[in-house]
Amino acid sequence: MLFIGYSSKDRYTIVEPILFHLKHLGLEVWYDFTDMFLGDNRYLTNFEHGIGDAAYIAFVISPNLFTSHCAIEELSFAKRIVEEKHAVIFPIFYQFSPNNLKNEYEWLKNYIYNEVTSDSGTKHVAYQIAERIMHDDMQSFSVLSIESLLQKENLGEGYVKELLECCQNTDERNYGVRMGLLYSLFQYLPAIDTKYNKAIRYIFSLLQMNENPDHLIYSVFEKCILGYLCCQLTVH
């Protein structure tokens, strides 16, 4: 699960746009606006169940954050969770330079972060988060690449292997063709419900609408396809 921490003043300018893409990528997100209700115990619900149960924590670091007592409390709690439980934190600096951090927040620069402005868009941030989560998710399988999947004996010699080999032999920068081949596999195999289906369909729908795929988009898509194929072929 991913927890998103932020100042309420940044909700509509950056948080919800990021959330839009994350949810369309099928990621489980803790979002206080929809996961907390009147009368909830704030510490138990937001801190223990929200931040405490999260494997990933995204924080929008903006000038507004430092004027929000609640957000600062959440960030302090998140720091302890990250250090004690080794949860992954994604610092997202919005309209704010990391160089302007006060000493007590310098720890945020120990992690790879992203800088976003009101003009740079949020889709890239969502894909970066998804790529890391999908990467970690793939560690539960013995297959981390198309090449390693092709080495599996139970793959057989049929259409699936042929498409994977065709994708493997396509120029690695020809993202559109490679994604088309991988989507053909997704469509060809008997349909099963996995955590990857939503992201596969969402990303391919953007490709159909003339989305210009780059390495990041392709990386997320390939990881989702590999995860789906591992579930489909029970390759562990």
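**Exercise 1. Is I51 buried or exposed, and what relative accessibility does it have?**

Solution. The model is predicted: local features need pLDDT of at least 70, side-chain atom pairs count only at pLDDT 80 or more, and totals for chains, interfaces and linings use all residues. Residues are numbered from 1 along each chain as its sequence is written, and side-chain values use heavy atoms, with hydrogens and water left out.

Step 1. Buried means under 20% relative accessible area, exposed over 50%, and partly exposed in between, with a 1.4 Å probe and protein chains only.
Step 2. I51 has 0% relative accessibility, so it counts as buried.
Step 3. I51 lies in helix 3 (residues 42-51); helices (H or I, at least four residues) and strands (E, at least two) are DSSP runs, numbered from the N terminus.
Step 4. From I51 to A87 the C-alpha to C-alpha distance is 9.5 Å, although 36 residues separate them in sequence.

**Exercise 2. Compare the expected and actual spans of helix 1 and helix 4, and list their buried residues.**

Solution.
Step 1. The expected span is 1.5 Å times one less than the number of residues.
Step 2. Helix 1 (residues 11-24) has 14 residues and should span 20 Å; its end C-alpha atoms are 18 Å apart, which agrees.
Step 3. Helix 4 (residues 69-85), with 17 residues, reaches 24 Å from its first C-alpha to its last, close to the 24 Å expected.
Step 4. In helix 1, R11, I14, V15, I18, L19, H21 and L22 are buried. In helix 4 the buried residues are A71, I72, E74, L75, F77, A78, I81 and V82.
Step 5. An α-helix has 3.6 residues a turn, so residues three or four places apart point the same way.
Step 6. After helix 1 comes G26, with a positive phi near 80°; just after helix 4, H86 has a positive phi of about 60°.

**Exercise 3. Describe the packing of helix 5 on helix 10.**

Solution.
Step 1. Helix 5 (residues 123-138) and helix 10 (residues 215-233) pack at about 35°, their axes 9 Å apart. Axes are lines fitted to C-alpha atoms, for helices over the stretch in contact, and angles run from 0 to 180 degrees between N-to-C directions.
Step 2. Contact means heavy atoms within 4.5 Å. Among the residues making this contact are Y127 and M134 of helix 5 and V220 and L226 of helix 10.

**Exercise 4. How many helices and strands does the protein chain have, and what percentage of its residues count as buried?**

Solution.
Step 1. The protein chain has 10 helices and five strands.
Step 2. Of its 236 residues, 51% count as buried.
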